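These are notes for a colleague who is meeting this structure for the first time. Please read them with the model open.

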Amino acid sequence: MDKMIIHGGVALKGKVALSGSKNAALPIIMASVLTADPVIIGNVPRLRDVRTAVDLLVRLGVQARWIGEHELELRAREITSHEAPYELVKTMRASFVALGPLLARTGRARVSTPGGCAIGARPVNLHIAGIRALGARIQLRNGYVEARAPHLCGARVWLDSPSVGATENIMMAAVLAKGTTLIENAAREPEVQDLARMLAAMGARIEGVGTHVIEIGGVERLHGTQHRVIPDRIEAGSLMVAAAITGGDLTIEDAPADQLGAVVEKLRETGVEISTHGGGLRVTANAPLRPVELRTLPYPGFPTDLQAQMMALLTQSSGTSVITETIFENRFMHALELLRMGADIVMKGPTAVVRGPSHLSGAPVMATDLRASMSLILAGLAADNETEVSRVYHLDRGYEALDAKLRSVGARIDRVPA
Ligand code: EPZ
């Protein structure tokens with residue numbers, strides 16, 4: 001298990017390019033099950049979670065091959081297994097969105113329930129209720145969802161909360177159903193929109209994506225296509241915070257400004273300057289940071305996947321910031337490690353009060369989940385002396401070659417075997 005060694009205190013400067021979005025690539029890879037034709041997906045990030053998704057598809061009988069550094073060809077000519085096994089789903093919860101496409105394509109699916117994770121209970125009740133509404137018979141047995149539906153039928157599905165995964169799963173079940181499906185209170189995330197673009201390119205009839213009401217007109221069959229995954233807005237936000245926390249000047253190429261409204265707004269409130277530059281964003285931070293209040297919300301609100309990174313930044317602002325996490329019930333694990341580096345953070349339920357500026361000193365710290373690990377890397381870039389972040393396998397799930405990217409703009413960071 002590798003770890004990252006960081007020597008902080010360097011202002012990051014230069015240009016850095018983004019990888020494709022993990023959270024768009026995963027459901028898009030699963031969508032290849034919906035057709036017997038070849039599907040070619042470009043800008044696929046080389047991540048641990050992507051490897052797991054491809055492993056899962058191969059288990060289902062899908063032919064998979066990398067035809068370029070970031071180009072994947074998938075062909076589900078024949079589905080030879082209906083099972084997404086526990087040992088894969090437990091390592092990557094997003095495997096659960098195999099349920100919708102498998103059921104739509106074959107009428108059968110046996111998918112392990114993901115169980116809880118470090119950031120929360122994360123039940124899948126909305127996925128199950130939605131797919132049941134399309135006429136699937138679903139049983140929960142031995143930790144698996146067993147679903148059967150010789151014919152899925154369009155229906156009206158109301159989501160109690162705009163779940164990203166449930167919207168994606170139900171959308172992929174509905175594209176081959178008889179009749180029309182309405183998903184109400186649907187998720188509006190750019191990753192959901194990118195999946196819908198891919199499905200439409202395969203011949204699906206989908207309207208209203210990006211709004212809270214998605215309408216899907218079922219079709220007989222879907223065909224193959226080529227699709228390029230959108231750049232990763234969460235990686236972009238993480239690098240924007242890297243520029244801010246080091247007092248740097250970074251240009252993030254391809255940063256999707258139109259998807260980062262709430263993030264740009266909050267960073268500007270701290271006093272960071274952000275401008276569009278070429279096809280990306282330029283972030284310069286040369287003024288003392290100001291405190292802010294932020295609340296994580298479903299898109300287009302402030303993303304929960306950038307909360308940990310912002311907390312690291314706000315430890316360096318002059319004053320008291322308040323962070324309220326409304327999406328996951330246990331997403332402050334990184335705060336405990338930031339405290340060990342000298343931060344001043346008080347947590348109470350969904351709220352964390354961050355007082356700054358704190359003098360962060362390098363320390364051995366442990367990552368507990370993907371975004372928490374990025375928060376510790378960022379704190380290490382601002383700390384004096386040496387920070388050692390262990391369990392970076394969490395980082396590998398969602399950031400491609402992060403240490404190399406940060407080194408290319410001046411960071412003193414090395415990945416070493418533990
Ligand atoms: C997606 O997870 C992302 N993962 C998460 O990113 C992200 O944090 C999350 O959306 C919110 O934006 C992927 O896209 C692979 P949800 P997902 O269903 O789909 C509750 C990262 O760091 N809920 O929108 O699992 C749930 O418990 C990851 O890249 C139910 O109660 O998120 C949570 O509190 C972490 N029942 C809330 O809804 C359900 O059936 C939002 O979850 C489903 C969800």
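1. In this predicted model, Arg-331 reaches the ligand through its side chain: a polar atom of that side chain lies 3.3 Å from an oxygen atom of the ligand. Two other residues make their approach with the backbone. A backbone N or O atom of Ile-327 lies 2.6 Å from a ligand oxygen, and for Gly-165 a backbone N or O atom is 2.8 Å from an oxygen of the ligand.

2. How much of the ligand does the protein bury? Taken alone, the ligand exposes 830 Å², and 83% of that is buried by the protein.

3. Which elements give two or more residues to the shell around the ligand? They are four helices: H1 (22-31), H5 (125-133), H6 (164-174) and H12 (370-382). The largest share comes from H5, which gives three residues.

4. The ligand has 21 residues around it, and those that come nearest are Asn-125, Leu-126, Ser-163, Asp-305 and Ile-327. Ile-327 is thus in this nearest group and also places a backbone N or O atom 2.6 Å from a ligand oxygen. By type, the shell divides into nine nonpolar, seven polar and five charged residues.

5. A separate point concerns Asn-43, which sits in the loop between strand S3 (38-42) and helix H2 (48-60). Is this residue buried or exposed? Asn-43 counts as buried because its relative accessible area is 14%, below the 20% cut-off.

6. The side chain of Asn-43 has a polar partner: one of its polar atoms lies 2.8 Å from the backbone oxygen of Val-229. Setting aside residues up to four places away in sequence, Asn-43 touches Ser-19, Gly-20 and His-70, together with Arg-228, Val-229, Ile-230 and Pro-231. Val-229 therefore appears both as a residue touched by Asn-43 and as the source of the backbone oxygen, while Asn-43 itself is buried, at 14%.

7. His-277 is found in strand S16, which covers residues 273-277. Why does His-277 count as partly exposed? Its relative accessibility is 33%, and the partly exposed class lies between 20% and 50%.

8. With neighbours within four places in sequence left aside, which residues is His-277 in contact with? They are Thr-251 and Arg-282. Thr-251 is 26 residues from His-277 in sequence, while the C-alpha atoms of the two are 7.2 Å apart in space.

Note on methods: Residues numbered from 1 in each chain as written. Predicted model: local features only at pLDDT ≥ 70, side-chain atom pairs only at ≥ 80, totals over all residues. Heavy atoms only, no water. Near = heavy atom within 4 Å. Polar contact = N/O pair within 3.5 Å; in protein donor to acceptor, adjacent residues only side chain to side chain. Areas by Shrake-Rupley, 256 points an atom, 1.4 Å probe, with all protein chains shown as cover. Nonpolar A, V, L, I, M, F, W, Y, C, P; charged D, E, K, R; others polar. Buried < 20%, exposed > 50% of the residue type's maximum accessible area, 1.4 Å probe, protein only. Contact = heavy atoms within 4.5 Å.
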